[in-house]
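Me: Please take a close look at the salt bridges in this model. I would like the pairs described one by one, and then set against the rest of the chain.

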Amino acid sequence: MWRILPSLILLCGATNAAELFHDDFSYYPPGWLSTPVGTLNPAIQEYHYLAHRGVPLGPWANAIAHLDAWVVSDEDGKPYLEQQLTRSARQFANPILITGDPEWGDYSVQVRVRPLALDDLAGVVFRYHTNRHYYLFALTGGNTAALRLHLPIETGLRVPAWKNLAEAPFSYDTRRYYALKVENEGPRIRAYVDGKLVIEASDSELPQGKAGVTAVAPARFQDFRVETFERTRQLIAGRIRRREEELARLRADNPRPVMWRRFRTPGFGAGRNVRFGDLDGDGIADMLIAQNIPRVNGDGFDQISCLTAVRLDGAVLWQSGRPDSRNGLLTNDTPFQIHDIDGDGRNEVVLVRDFKLEVLDGRTGRLKQWTWMPKAPPVAEHPYELVSGDSIAFLNLSGDRRRHEILVKDRYTHFWIFNNKLEQLWEGSGQTGHYPYPFESGGYDLLAMGYALWDHTGRQLWSHDREVRDHADGVMMGNLSGDPKAEPRVYASGSDEGFLMFDRGGHLLKHVRVGHNQSPCVGKFRTDVAGLQYMSVNFWKNPGIVTLFDWDGNILAQEEPIHTGSVMLPVNWRGDGQEFVLLSGNTEEGGMIDGHLRRVVMFPHDGHPDLAANVLNLTGDARDEIVLWDQERVWIYTQDRPFRGARIYAPVRNPDYNESNYRTNVSLPGWQDVTIK
């Protein structure tokens, strides 16, 4: 079993040594540590929160959360932890199971490892900062012991960046366990196998960090242990205590979340497949929940099966389709939005369903008009004659700033433009990515789509679709510099291509390969830095790494506050111009982070749902509320105290009618005078 105290310290005072952590893995049940969630599409964790994928991990974390890599069983009556995946199943990722605290330093880590194959490495990680930035001591290739540093920035697409610190010849086989041990003291590193010193090196890039195990080929681990000296234990405990005291002060300075409303969604609930907008005309936002049925290949051709319109007091306004709780989760976008498409002052629901582009009355759900979708293009996967639709956005391509033109795209190569009479105007193609971003210029919208820019006539102004090899997960265009005379730029989170920035003419200004970059958001997260900041999170291959860029594409901060994805939503929680970013509603791993990537607002332990989240201004004072939900419940949180001040921050956000699980959530500066009642 594992042994750990709340402070992550267990003292062995008799020897003047301190055991930080010990685990023999007997705590876990035999079998996959990710059953039953391992049977789902791993993308479920991109923008839904799951505490684990089947088995609570206790003090451990699966650093590569989308991989179902870890199995527990017994060998000769002794429990072991096994990394079960081969190279072909890992999709370029290195499975890592991690434990401890970022303040751990000057410790020794040891484990017994039995490689089950000789074609790649198995060993320990230490001084772990993120799952792209850590030290490794491992057996590899059947004949080598290696000490390496994994670097956070790649120099080429999907080419891991390693610094080789030292190697030593060491022949091993797959029939027995080997005792690996690493001692850290300042920059000095000593590595042992079966008690014999095999490598000694010095490197100071990462002075401290967590510890864990990793294997790229199948391997088994037993008896993991981290130790230090009592004096060092006290220093570690002091650093942890000071950090927690600082967090407590920061949290006390911010409003606490308190429940404003809650209601149930029995049978018709869903995950993050929801739109908000005024459907019944009373001036208050309503909630439109879509269930869907996956088809063909899991998440490329989902089709909406049921729509339920609900007021925020839980009253159902209307329902279209048959609800079924099995159809609530998804790992993609679906094409539906709430918007006043005809300009009569009342919102409609615009969606693609059954290969038709439809417009429904927002108050009743009654069909108002429809047209057939276009013929599907001859792309690699072409299951239907007509386009089934992936997502919808509204644009201003006619000079009408209310954005009455409709863009419908597929996944990931084509899009079509319709007017509000559902007449097709033009179409485009390229590496479209997930979701477009319209940018007003000269009375019309420019359309940032993938790594290309289009004008309102359908002319492609420039494109990097061919040379940038992975699709854009999120894209936006704007002037984030703080200088009103500066030209706007195009920013993209380019999946495995990392972060990219182009000028208005399409020239590539920055390309930083931070890993599989997605879910970007823009806001004023640092008041001490000029302009706005761009924050994003990684998912595939290196989930949970959050990177904060300044407006010019320079990295300001990078940490791993979570081990999954997040929607990364900007939050105007204080109303004073300092914005936060919502990770999730989870009481331990969620909350809101600031521009230093510290959890500065946490949610209460009151039993609320935390599967999905959105950020909206619902109570009227310009600050945001947090909507949390799962397939059965919706809870809404507001601040525990009123705003005090003469002017309140009121940022300009993406319009609710252009909602997407993949859009770049943008929060541009704005202020309002406060009316004293």
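Reply: Start with a cut-off. A residue is called buried under 20% relative accessible area, exposed over 50%, and partly exposed in between. R411 has 22% relative accessibility, so R411 counts as partly exposed. Keep in mind that this is a predicted model.

R411 forms a salt bridge with D390. The closest N and O atoms of R411 and D390 are 3.9 Å apart. D390 has 4% relative accessibility, so D390 counts as buried. This bridge therefore joins a partly exposed arginine to a buried aspartate. Both partners sit in loops: R411 between β28 (405-409) and β29 (414-418), D390 between β26 and β27 (391-395). They are 21 residues apart, and the pair links distant parts of the chain.

Next, R176 and D194. They form a salt bridge, with 3.0 Å between the closest N and O atoms. R176 lies in the loop between β12 (162-169) and β13 (178-185). D194 lies in the loop between β14 (188-193) and β15 (196-202). The separation is 18 residues, and this pair too links distant parts of the chain. R176 has a relative accessible area of 39%, so R176 is partly exposed. D194 is partly exposed as well, at 38%.

Now K78 and D223. Their side chains meet in a salt bridge, at 2.9 Å from N to O. Here the partners are in strands: K78 in β6 (residues 78-83), D223 in β17 (residues 219-229). The two residues are 145 residues apart. K78 is partly exposed, with a relative accessible area of 32%.

There is also a network. Salt bridges link E75, E82, R114 and R220. By their numbers, E82 falls within the range of β6, and R220 falls within the range of β17. A search of the whole structure finds 50 salt bridges. The pairs above are among them.

Strand β17 also leads inward. The largest nonpolar core has 53 residues. Those with the most contacts inside this core are L81, V109, F126, F137, F221, F224 and V226. β17 gives the largest share of the core, 4 residues. Take V226. Leaving aside neighbours within four places in sequence, V226 is in contact with A18, E19, L20, F21, W104, Y107, S108, V109 and A211. A second, separate core has 27 residues, including W462, A472, V475 and M501.

On the outside, there is a nonpolar patch. L367, W370 and W372 form this patch on the surface, with about 330 Å² of accessible area together. W370 lies in strand β26 (residues 367-372). At 39% relative accessibility, W370 counts as partly exposed. β26 is also one of the two strands that flank the loop of D390.

Finally, the whole chain. It has 2 helices and 53 strands. Of the 677 residues, 61% count as buried. Contacts with a separation of 6 or more were tallied: 58% of them are between residues 24 or more positions apart. The accessible surface comes to about 25,900 Å², and 49% of this belongs to carbon and sulfur atoms. The C-alpha atoms fill a box of roughly 80 × 60 × 50 Å along the principal axes. A compact globule with 677 residues would have a radius of gyration near 26 Å; the chain has 26 Å, so the two agree.

Technical notes: Residues are numbered from 1 along each chain as its sequence is written. This is a predicted model: local features need pLDDT of at least 70, side-chain atom pairs count only at pLDDT 80 or more; totals for chains, interfaces and linings use all residues. Side-chain values use heavy atoms; hydrogens and water are left out. Patches are made of residues with over 30% relative accessible area and no salt bridge: like charges are joined within 9 Å, nonpolar side chains (Val, Leu, Ile, Met, Phe, Trp, Tyr) within 5 Å. Accessible areas come from the Shrake-Rupley method with a 1.4 Å probe; for residues, only the protein chains shown count as cover. A salt bridge is a side-chain nitrogen of Lys or Arg within 4 Å of a carboxyl oxygen of Asp or Glu. Buried means under 20% relative accessible area, exposed over 50%, partly exposed in between (1.4 Å probe, protein chains only). The radius of gyration is taken over C-alpha atoms; the globule rule is 2.2 Å times the number of residues to the power 0.38. Contact means heavy atoms within 4.5 Å. A nonpolar core is a set of buried Ala, Val, Leu, Ile, Met, Phe, Trp, Tyr and Cys residues joined through side-chain atoms within 4.5 Å.
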